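This report looks at how the interior of one protein is put together, and then at one site on its surface. The sequence and structure come first.

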Amino acid sequence: GYVVSGTVITTTAAPFSKFPMVPLINTDISAVTESVNVRPPRKGFMIQGVNNGNYEIVAYSYDGREIVASSTPRSVTISGADVTGLELRISPLASVSGQVLIEASSNLCGNKSKRAMEEIMIYARSDDPSPLASSTSHFFRSDVAINEKGEFTIHSLRPSRYHFEASLPDENWYTRSITLPAPADARQPQGGM
């Protein structure tokens, strides 16, 4: 097999304190071929014994609960030679928080059983059509259950435009609207001298 190697680069906003993982995904069979852990002070990675084929590689940091930083996935093709000198730049990932409000219906037909709010799932669907986004998506969970107050937070969102969907308990439920808060005024009042 051949070697895939390179360096994981971090920013001050995404420090090297969480040991990044670097999985190599074989896109021909949609499976992780190898995954290495990069430990400071060493920032380089090397994956050996890689067969000819098409792969994707990404670096990410995990804090024990979710992925907090990630590089952009890169395409790698092995065709009779090593691939070296890759740079995987880790940047912090975003999160989205919100609240689901339930309105009672006066004309509910059928079973009026009360469902727990925890049965409602919120999904963030990316508009990114690239194969790189879909093959590495299993590392980046984009769905979450709401809590008893209807609150939710979806972590580990990579840069993209997202659509939000709700998975509801049964056909008697529907999404009436999804609203965004008004943007905060970024301008601060200037004091006189």
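In this predicted model, Ile57 is in contact with Val4, Val22, Pro23, Leu24, Phe45, Ile47, Thr72, Pro73, Arg74, Val76, Leu86 and Leu88, not counting neighbours within four places in sequence.

Ile57 belongs to the largest nonpolar core, which has 19 residues. Along with Val4, Val22, Phe45 and Val76, Ile57 touches the most other members of that core. The strands below each supply at least two residues of this core.

| Strand | Residues |
|---|---|
| S1 | 2-10 |
| S2 | 21-26 |
| S4 | 44-50 |
| S5 | 53-57 |
| S8 | 74-78 |
| S9 | 83-92 |

The largest contribution, four residues, comes from S9. Another core, of nine residues, lies apart from this one and includes Val100, Ile120, Val144 and Leu157. In soluble globular proteins, nonpolar side chains tend to be buried together.

For the protein as a whole, the secondary structure consists of one helix and 14 strands. Of its 193 residues, 31% count as buried. Among contacts between residues at least 6 apart in sequence, 66% join residues at least 24 apart. The accessible surface is about 12,500 Å², and carbon and sulfur atoms account for 51% of it.

Thr179 sits in the segment after strand S14 (162-167). Is Thr179 buried or exposed? Its relative accessible area is 64%, and the cut-off for exposed is over 50%, so Thr179 counts as exposed. The C-alpha atoms of Thr179 and Gly98 are 9.6 Å apart, although 81 residues separate the two along the chain.

Notes: Residues numbered from 1 in each chain as written. Predicted model: local features only at pLDDT ≥ 70, side-chain atom pairs only at ≥ 80, totals over all residues. Heavy atoms only, no water. Core = buried A, V, L, I, M, F, W, Y, C linked by side-chain atoms within 4.5 Å. Buried < 20%, exposed > 50% of the residue type's maximum accessible area, 1.4 Å probe, protein only. Contact = heavy atoms within 4.5 Å. Areas by Shrake-Rupley, 256 points an atom, 1.4 Å probe, with all protein chains shown as cover.
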